[in-house]
Amino acid sequence: MIKSNTHFQHHICLSIFECLIGIYSDSSSLLSILEKIYAGLQVPFSNKKINLEYRVQLVNSADNQHIYISRDGCDDLVTNDVGEFIFLLEKDMTIELQKIRSDLLFVHSAALEYDNKGFLLVAPSGAGKSTTTWALVNLGCNYLSDELAPINLKSMMIYPYPHAICLKARPPMFVLPETCLVTSQTIHVYGNMLEERTQPETSLLKAIIFLEYHPELPESKIISISRGESAAKLYSNSLNILAHSNDDCGMKVAIQAVSKTHNYRLLSNQLDDTSKKIMYLIQSLD
Amino acid sequence: MNELLLIPKRSLSILVQEVDDEILILDRKDNKIHQLNKVASLIWKKCDGHNSVDDIVELLIIDFDISPEEAKKDVIEMMRVLHEKNLLE
């Protein structure tokens with residue numbers, strides 16, 4: 001594949017966690033998709049140093065089209081599926097960003113803000129982070145991320161990563177806008193409503209909510225948890241905790257982080273009930 | 001074998017932190033973290049390679065003012081869990 005960025009007519013620059021990412025492509029359609037997915041992260045190109053550079057090429061063969069994602073120093077990523085293209089690019093970017101910003105603690109989590117109170121919804125994939133995020137945005141929360149929450153452990157500020165909300169299915173309520181990108185496996189929600197609700201600056205982390213989906217329960221339930229339980233859960237959901245290790249594999253960092261926040265387990269059931277209870281909880285926090 | 005005579009000893013591959021009255025144990029072999037509640041934490045602290053399971057039962061009866069049956073049940077269950085998670089030698 002072509003190794004020089006100058007061959008490509010189309011390009012965008014993203015600013016993520018104070019790092020600049022240049023993406024260059026020969027395909028206006030692929031760049032157009034990325035412009036929508038990363039609308040909240042785009043900045044004009046400037047003289048500042050680009051930290052990460054990607055080349056995206058659309059290659060036609062006899063019976064198929066393939067998308068190549070290239071980054072200097074590593075093998076190309078190849079797919080023929082737009083959904084997988086977004087997934088692969090994002091996965092590579094977020095791994096590289098963790099290396100560049102190893103000073104931040106990256107948590108696999110959604111992040112939102114209401115009334116200057118930032119909070120995390122921490123859960124493994126498929127537990128409902130993005131769907132709950134979409135509901136909370138509709139209820140008036142500002143959006144930081146549905147997937148990745150880097151935290152400055154000194155200031156306890158959450159960095160925003162407001163890419164398009166990535167749902168695996170249409171939510172049972174809070175109708176999606178028409179401006180969605182539907183791929184083979186995912187629905188990416190972007191557009192005016194999300195842009196208006198995007199929190200562009202860092203937000204002070206006040207609460208961590210560990211989300212668990214419990215369809216068997218009659219209603220959702222929020223339970224205050226100990227620092228020990230919260231630290232164990234945060235540890236398990238941190239992506240680069242070992243980067244913050246002295247001789248303790250990062251355990252002290254997890255304890256330190258949850259010592260400055262309110263900590264809860266949320267046993268979620270119906271989306272309506274879950275999201276209203278979260279709103280009530282956040283509104284009632286100091 | 002009488003399980004009350006066993007002398008439990010903590011695994012060497014772990015790291016431990018105490019938060020309030022709870023113990024966090026990180027198993028470095030698989031990087032899994034375990035959180036123990038107050039009772040479990042006390043039992044864990046007594047697994048020092050010197051106390052037998054029976055000794056730990058006695059200590060629990062004193063510390064928590066619970067019946068010998070309840071203490072024995074709690075300690076034996078805790079030993080089973082700790083073994084299952086490979087947190088004891």
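Helices (H or I, at least four residues) and strands (E, at least two) are DSSP runs, numbered from the N terminus. This is a predicted model, where local features need pLDDT of at least 70, side-chain atom pairs count only at pLDDT 80 or more, and totals for chains, interfaces and linings use all residues. Residues are numbered from 1 along each chain as its sequence is written, chains are lettered from A and ligands numbered from 1 in the order in which they are written, and side-chain values use heavy atoms, with hydrogens and water left out.

**View 1. The largest pocket and the elements of chain A around it.** A quick word on the grid: with 1 Å spacing over the protein atoms alone, a cavity is a set of points where a 1.4 Å probe fits but cannot get out, while a pocket is an open set with protein on both sides within 12 Å along at least five of seven lines; lining residues have an atom within 4 Å of a point. Points are joined across faces, edges and corners, and a volume is the space filled by probe spheres set on them. By that recipe, the largest pocket comes out at about 1,100 Å³. Its lining runs to 43 residues, and nearest the centre sit Ser125(A), Ser130(A), Glu147(A), Cys166(A) and Lys168(A). At least two lining residues each come from α2 (82-100), α3, β12 (165-167), β15 and α7 of chain A. The largest share, nine residues, belongs to α2(A).

**View 2. The largest cavity, with α1 and α4 of chain A in its lining.** The structure holds one cavity of 30 Å³ or more. The largest cavity has a volume of about 70 Å³. It is lined by 14 residues, and those closest to its centre are Ala39(A), Gly40(A), Pro162(A), Leu194(A) and Glu195(A). Two or more lining residues come from each of α1 (28-37) and α4 (192-196) of chain A.

**View 3. Helix α7 of chain A and its buried face.** Take 1.5 Å times one less than the number of residues as the expected span of a helix. For the 14 residues of α7(A), 271-284, that gives 20 Å, and the end C-alpha atoms are indeed 20 Å apart. Buried here means under 20% relative accessible area, exposed over 50%, and partly exposed in between (1.4 Å probe, protein chains only). The buried residues of α7(A) are Leu271(A), Thr274(A), Ser275(A), Ile278(A), Met279(A), Leu281(A) and Ile282(A). Down the helix axis they fall within an arc of 165°, so they line one face of α7(A); the arc is that of the directions from the axis to the C-beta atoms. They pack against β7 (105-114), β8 (117-122), α3 (129-138), β15 (203-213), β16 (221-224) and β17 (262-268) of chain A, with contact meaning heavy atoms within 4.5 Å.

**View 4. Ser109(A), a buried residue in strand β7 of chain A.** The relative accessible area of Ser109(A) is 0%. Leaving out residues up to four places away in sequence, Ser109(A) touches Leu120(A), Leu121(A), Val122(A), Lys129(A), Ser145(A), Asp146(A), Glu147(A), Leu148(A) and Ala149(A). Glu147(A) also turns up among the residues nearest the centre of the largest pocket.

**View 5. Helix α2 of chain B and what covers it.** The twelve residues of α2(B), 53-64, should span 16 Å, and the end C-alpha atoms are 16 Å apart, which agrees. Val53(B), Ile56(B), Val57(B), Leu60(B) and Ile61(B) are buried in this helix. Seen down the axis, they fall within an arc of 145°, so they line one face of α2(B). Their cover includes α1 and α3 (68-84) of chain B. Just past the helix, Asp65(B) takes a positive phi of about 50°.

**View 6. Two loop residues with positive phi, Cys249(A) and Asp20(B).** Most residues other than glycine have a negative phi. Cys249(A), in the loop between α5 (227-237) and α6 (251-258) of chain A, has a phi near 55°. Asp20(B) also has a phi near 55°, and is found in the loop between β1 (14-19) and β2 (22-27) of chain B. Cys249(A) counts as buried at 17% relative accessibility, whereas Asp20(B) is partly exposed at 48%.

**View 7. Gly191(A), in the loop between β14 (187-189) and α4 of chain A.** At 10% relative accessibility, Gly191(A) is buried. Its C-alpha atom lies 7.9 Å from that of Cys180(A), eleven residues away along the chain.
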